[in-house]
Amino acid sequence: MKKTSIVFIIISILLIITGVILRSQAVSVAKNENVDLFKQNLNKNGDLVEAVSFPWENTNKINISMDNTDINIIGNSDRCYAEIINFNSLEYTAYNSNRAFTVEEDIISSLIGRAQSGDFKFEGIRNYFRFDKHNSKKVINIYLSPKSTVKVFDIKINNGNVSVKDINFVCDFDISINKGNVNFKNTPNVSLVKTYIKTGNVSLDNMCISASQIIIENGYINFTTPSECIYNYSVESETGTIKYNNESYKGKFKQESENNTCVFNAHVGVGNIVINTIEKDNSTKGE
């Protein structure tokens, strides 16, 4: 090995050691001065959290494409923002482009998206080398205010659950999950629920859905809806039971009404489907 090569190796090692020392000192100083050194904060529960705001008046769609992550969409917030929990900065990106807010793990497409939106910026190498011990469960919370203009949610995850609650404006949901559950609560009016789940369950609590297409290979559907919402039903379970109010059916259940305002299409491969209509006087608001 040439002497110059050895010198460069020694210099590189010294620079790395110096960088580690400086980083440690910066962390210590930031902690003593109560200053945020990183864009992510480690909270008291051991979660690594980054809060990302997006404009409520200029965001019509939310795209989420992740691997092993739980997604929570929560309404009635005082502002619109996302919490990215227990991700290293190298594992995801969040950006605004073409009136859409996107969070994804696909590094190539995310870099292209951020570059096109003009949102690409280097935020310091310290954010990419965190040594904190934090929880492993990855979560994305989307908080929406009543002023939100979001009309479409496009969610694709490999393993994880999707929870939607307290959304009081009409919007569309397109959800695809390999393994996990979907749960809607206190979200009374939805224009579209389109869901594909390989293994998992769907719970729709006290909802009026204009149109739905729910496909589950292995799992169940539990749907409660106000009696004033009139549906055309086309429901199929290959191996299980379909229960509509007090009646049970095998294989298929269809019902059409001339006065229908809603359409409910559902198919389950292995599992049951339960549909209950709720009289208005007995209807209770979800908590």
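Here are three short exercises on the aromatic rings of a predicted model.

**Exercise 1. Setting the scene**

Find how many helices and strands the protein chain has, and what share of its residues is buried.

*Solution.* Begin with the secondary structure: the chain holds two helices and 20 strands. Then turn to burial: of the 287 residues, 41% are buried.

**Exercise 2. Two ring pairs to classify**

Decide whether Phe153 and Phe173 are stacked or edge-to-face, and then do likewise for Tyr233 and Phe264.

*Solution.* A useful start is that two numbers describe an aromatic pair, the distance of the centres and the angle of the planes. Counting such pairs gives 14 in total.

Step 1: the ring centres of Phe153 and Phe173 lie 4.7 Å apart with planes at 5 degrees, and planes under 30 degrees apart count as stacked, so this pair is stacked. Phe153 belongs to strand β9 and Phe173 to strand β11, 20 residues apart. Both Phe153 and Phe173 are buried.

Step 2: for Tyr233 and Phe264 the centres are 6.0 Å apart and the planes stand at 65 degrees, which is over 60, so the pair is edge-to-face. Tyr233 sits in strand β17 and Phe264 in strand β19, so the pair ties together parts 31 residues apart in sequence.

Step 3: because buried means under 20% relative accessibility, Tyr233 at 4% qualifies, and so does Phe264 at 0%.

**Exercise 3. Looking around the rings**

Name the cluster that ring pairs build around Tyr233 and Phe264, and find which charged residue sits over Tyr81.

*Solution.* Ring pairs join Tyr233 and Phe264 with Phe223, Tyr231, Tyr244, Tyr249 and Phe253 in one cluster. Over the ring of Tyr81 you will find the charged end of Arg79, 3.9 Å from the ring centre.

Key. Residues are numbered from 1 along each chain as its sequence is written. This is a predicted model: local features need pLDDT of at least 70, side-chain atom pairs count only at pLDDT 80 or more; totals for chains, interfaces and linings use all residues. Side-chain values use heavy atoms; hydrogens and water are left out. Helices (H or I, at least four residues) and strands (E, at least two) are DSSP runs, numbered from the N terminus. Buried means under 20% relative accessible area, exposed over 50%, partly exposed in between (1.4 Å probe, protein chains only). Rings of Phe, Tyr and Trp (its six-membered ring) pair if their centres lie within 6.5 Å; planes under 30 degrees apart count as stacked, over 60 as edge-to-face and the rest as tilted. A charge sits over a ring if NZ of Lys or CZ of Arg is within 6 Å of the ring centre and within 35 degrees of the ring normal.
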